[in-house]
Amino acid sequence: MLAPPCPSEPDRVNPRDNTNTGARPLGALLALSAALALGGCLALAPGPKDTPRPTPRPIKPVYTPSVEAQTLTKYYADLEQDLLTRGLLRTDGGGPETPYDAEDLAERFETLAFYDEYASATDGGAGGMGRWEQPVRLEPIFGPSVTKAQAEKDRATLTAYAARLARITGHPVTVGTSGNFTVLFAGVDDADFVEDKVRRLLPNLSDSDVALFATPPRKFYCLVFAGGPQRDPLNYSRGVALIRAEQPDLMRESCIHEEIAQGLGLRNDSPKARPSIFNDDDEFARLTSHDEKLLQILYDRRLRVGMSAPEAKPIVERIAQEVMGDLSL
């Protein structure tokens, strides 16, 4: 029971500021209890009868998904179920029905590593080989719409995948709180957040490309940008990937696998790549053993950043034979 006010205390209300926490801090409660136990009333120091109203502090709202976010969440859940029903988003990595040999591997590597998926048709997309020479430090960043539990799950997936990529390539790939390869997990309600981050990370990116990150069409489950400075663009030093937060778990994991691997230098897709995540048919959800071999070739030190496809061809063919265990040629 509360003690009565002290006789000398003016008749006033002592305001309690709970705009941030919604409750009196524990320390204040303990101090009040002690004062009541000792004196039976709480003596307040003299002060003005009218206390100035404090400047209101913003209350962080509880996130409620917009209609657009709810629609996308249902769309991707239905899409994942449809893909699984049709035998896609496989996690087995391939089998006897997806055979390939060293020649296939070398040809697919050339298509994936020397051609750009979104290059103009006039140059055929042909270019030099790009990859990271410096260690890759993946940094996950989560939009306001992503729950803490989902963020922890995504971070764990990314960390396990980074360890796998490092083992495959022999190149340092880690996850930390600061990095040169940012992985944004964000939804449609996080558009302003994403735009701000991308503009800071990639200040030279065009407005149209920034908009693609902030508000991508729903057919884009995820996307990635990776490259180097203008003077040495194939020597990768910065990567930014977007993983759409409305996706269910398996599609989300599939995006992590494909976009990070493409950001390492396998920048193209090909319908001939099978069993592989480097195509647009969604047959496989995770990096396959076929894809591991492609990454082994990419990070073999016999290849150099900037090499042309014709220059690299004999070296690639030899490495492909080695990773396939075929040394007869």
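Here is a short dialogue on reading the sheet, the cores and one buried loop residue of this model.

Biologist: What kind of model is this, and how are residues numbered?

Modeller: This is a predicted model, where local features need pLDDT of at least 70, side-chain atom pairs count only at pLDDT 80 or more, and totals for chains, interfaces and linings use all residues. Residues are numbered from 1 along each chain as its sequence is written, and side-chain values use heavy atoms, with hydrogens and water left out.

Biologist: In what order do the strands of the open sheet stand?

Modeller: Start with the terms. Helices (H or I, at least four residues) and strands (E, at least two) are DSSP runs, numbered from the N terminus. Two strands pair if DSSP finds at least two bridges between them. Here, 5 strands form an open sheet in the order β3-β2-β4-β7-β5, and the pairing is mixed.

Biologist: Which strands stand at the edges?

Modeller: β3 (173–175) and β5 (222–227) do. Each has a single partner strand, so one side of each is left without a neighbour in the sheet. From one strand to the next, the twist averages 15 degrees. For such angles, axes are lines fitted to C-alpha atoms (for helices, over the stretch in contact), and values run from 0 to 180 degrees between N-to-C directions.

Biologist: Which way do β2 and β3 pair, parallel or antiparallel?

Modeller: Parallel, over 3 bridges. Val136 has Val173 in β3 as its bridge partner. Between β2 and β3 the chain passes through α4, making a right-handed β-α-β crossover. Right-handed means that, with the strands pointing away from the viewer, the path from the first strand over the helix to the second runs clockwise.

Biologist: How many bridges join β2 to β4?

Modeller: There are 5, and the two strands run parallel. Phe142 stands opposite Phe185 in β4. Phe185 in turn stands opposite Ile243 in β7. β4 (residues 181–186) and β7 (residues 238–244) also run parallel, joined by 6 bridges. Leu184 has Leu242 in β7 as its bridge partner.

Biologist: And β5 with β7: parallel or antiparallel?

Modeller: Antiparallel, over 6 bridges. Leu223 stands opposite Leu242 in β7.

Biologist: Is β2 mostly covered or mostly exposed, and how many of its residues are buried?

Modeller: Buried means under 20% relative accessible area, exposed over 50%, partly exposed in between (1.4 Å probe, protein chains only). β2 is mostly covered, with 6 of its 7 residues buried. β7 is mostly covered too, with 6 of its 7 residues buried.

Biologist: Which residues of the largest nonpolar core touch the most other members?

Modeller: A nonpolar core is a set of buried Ala, Val, Leu, Ile, Met, Phe, Trp, Tyr and Cys residues joined through side-chain atoms within 4.5 Å. This one has 51 residues, and Phe109, Leu138, Ile260, Leu266, Leu287 and Leu303 touch the most other members. The elements that give two or more residues include α3 (102–114), β2 (136–142) and α4 (148–169). α3 gives the largest share, 7 residues. Another core, of 12 residues, lies apart; among them are Leu202, Val210, Leu223 and Leu242.

Biologist: Where is Ala285, and what does it touch?

Modeller: Ala285 sits in the loop between α7 and α8. Contact means heavy atoms within 4.5 Å. Not counting residues up to four places away in sequence, Ala285 touches Leu89, Arg90, Thr91, Leu250, Ser254, His257 and Ile277. Ala285 is buried, with a relative accessible area of 0%. Its C-alpha atom is separated by 8.6 Å from that of Gly93, 192 residues apart along the chain.
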